[in-house]
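Reader: I should like to go through this model by way of its pockets, its cores and a few individual residues. May we begin once the structure is in view?

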Amino acid sequence: MITTSETIAKIAAALSAASADIGAAKKDAKNPHFKNDYATLESAINASKNALQAQGVFVVQSPGALSETGALRIVTRLVHSSGEWIETVCDIPLQKKDAQGVGSAVTYGRRY
């Protein structure tokens, strides 16, 4: 689900300008279970942070409540210096309903 501030002209222009400078996140970790490489959360942040900051955009991410299906809700908001914002909500299924399961879901959800 995507929601926005009343207007998004300034943040849209900023995101368009930033997109020219955002590179691909480096696949800097290995998943031994699936035997594949993946980009860590740190790599994803590093790929975009400077380009977004140069355009007056910052990212806020936080876990929310569990959804009606029991998935952990991750809220990501891009905020522009003008006050405009764009927000997405992503529900991440919990593999285990304990602290480790929640921590894994938070990291996975923030990365995606």
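Reader: Which residues line the second largest pocket?

Author: The model is a predicted one. The second largest pocket has a volume of about 240 Å³. Its lining consists of Asn31, Phe34, Asn36, Tyr38, Ser104, Thr107, Tyr108, Arg111 and Tyr112.

Reader: Which element gives the largest share of the lining of the second largest pocket?

Author: Two elements give two or more residues to this lining, strand 3 (36-38) and helix 3. By class, the lining of the second largest pocket divides into four nonpolar, four polar and one charged residue. The largest share, four residues, comes from helix 3.

Reader: Of the residues that line the largest pocket, which are the closest to its centre?

Author: The largest pocket has a volume of about 560 Å³. Its lining numbers 23 residues, and the closest to the centre are Ser48, Leu52, Val59, Gln61 and Leu78.

Reader: How many residues does helix 2 give to the lining of the largest pocket?

Author: Helix 2, strand 4 (57-66), strand 5 (72-80), strand 6 (85-92) and helix 3 (99-111) each give two or more residues to the lining of the largest pocket. By class, this lining has 14 nonpolar, six polar and three charged residues. The largest share comes from helix 2, with seven residues.

Reader: Which element supplies the largest share of the largest nonpolar core?

Author: In soluble globular proteins, nonpolar side chains tend to be buried together. Here the largest nonpolar core has seven residues, namely Ile11, Ala14, Ala18, Ala51, Leu52, Val57 and Ile86. Helix 1 (9-19) and helix 2 (41-54) each supply at least two residues of this core. The largest share, three residues, comes from helix 1.

Reader: How many residues does the second, separate core have?

Author: This second core is separate, and Leu72, Ile92, Ala105 and Val106 are among its members. Its residues number six.

Reader: With which residues is isoleucine 11 in contact, leaving aside its neighbours within four places in sequence?

Author: Isoleucine 11 is a member of the largest nonpolar core, as are Val57 and Ile86. Leaving aside neighbours within four places in sequence, isoleucine 11 is in contact with Val57, Leu78, Val79, His80, Glu84, Trp85 and Ile86.

Reader: Is glutamate 84 buried or exposed?

Author: Glutamate 84 is found in the loop between strand 5 and strand 6. Its relative accessibility is 7%, and the cut-off for a buried residue is under 20%. Glutamate 84 therefore counts as buried.

Reader: Which backbone nitrogen does the side chain of glutamate 84 reach at 2.8 Å?

Author: Leaving aside neighbours within four places in sequence, glutamate 84 is in contact with Ser5, Thr7, Ile8, Ala9, Lys10, Ile11, Leu78 and Val79. Its side chain reaches the backbone nitrogen of alanine 9 at 3.4 Å. At 2.8 Å, the side chain of glutamate 84 reaches the backbone nitrogen of lysine 10.

Reader: What distance separates the C-alpha atoms of glutamate 84 and glutamine 61?

Author: Glutamine 61 is one of the residues closest to the centre of the largest pocket. Along the chain, glutamate 84 and glutamine 61 are 23 residues apart. Their C-alpha atoms are separated by 16 Å.

Reader: What is the phi of lysine 35?

Author: Lysine 35 is found in the loop between strand 2 (29-31) and strand 3. This residue is exposed, because its relative accessible area is 74% and the cut-off is over 50%. Although lysine 35 is not a glycine, its phi is positive, at about 55°.

Definitions and conventions. Residues are numbered from 1 along each chain as its sequence is written. This is a predicted model: local features need pLDDT of at least 70, side-chain atom pairs count only at pLDDT 80 or more; totals for chains, interfaces and linings use all residues. Side-chain values use heavy atoms; hydrogens and water are left out. A nonpolar core is a set of buried Ala, Val, Leu, Ile, Met, Phe, Trp, Tyr and Cys residues joined through side-chain atoms within 4.5 Å. Buried means under 20% relative accessible area, exposed over 50%, partly exposed in between (1.4 Å probe, protein chains only). Contact means heavy atoms within 4.5 Å. On a 1 Å grid over the protein atoms alone, a cavity is a set of points where a 1.4 Å probe fits but cannot get out, and a pocket is an open set with protein on both sides within 12 Å along at least five of seven lines; lining residues have an atom within 4 Å of a point. Grid points are joined across faces, edges and corners, and a volume is the space filled by probe spheres set on the points. Ala, Val, Leu, Ile, Met, Phe, Trp, Tyr, Cys and Pro count as nonpolar, Asp, Glu, Lys and Arg as charged, and the others, Gly among them, as polar. A polar contact is a pair of N or O atoms within 3.5 Å; within protein, one must be able to donate a hydrogen and the other to accept it, and residues adjacent in sequence count only if both atoms are side-chain atoms.
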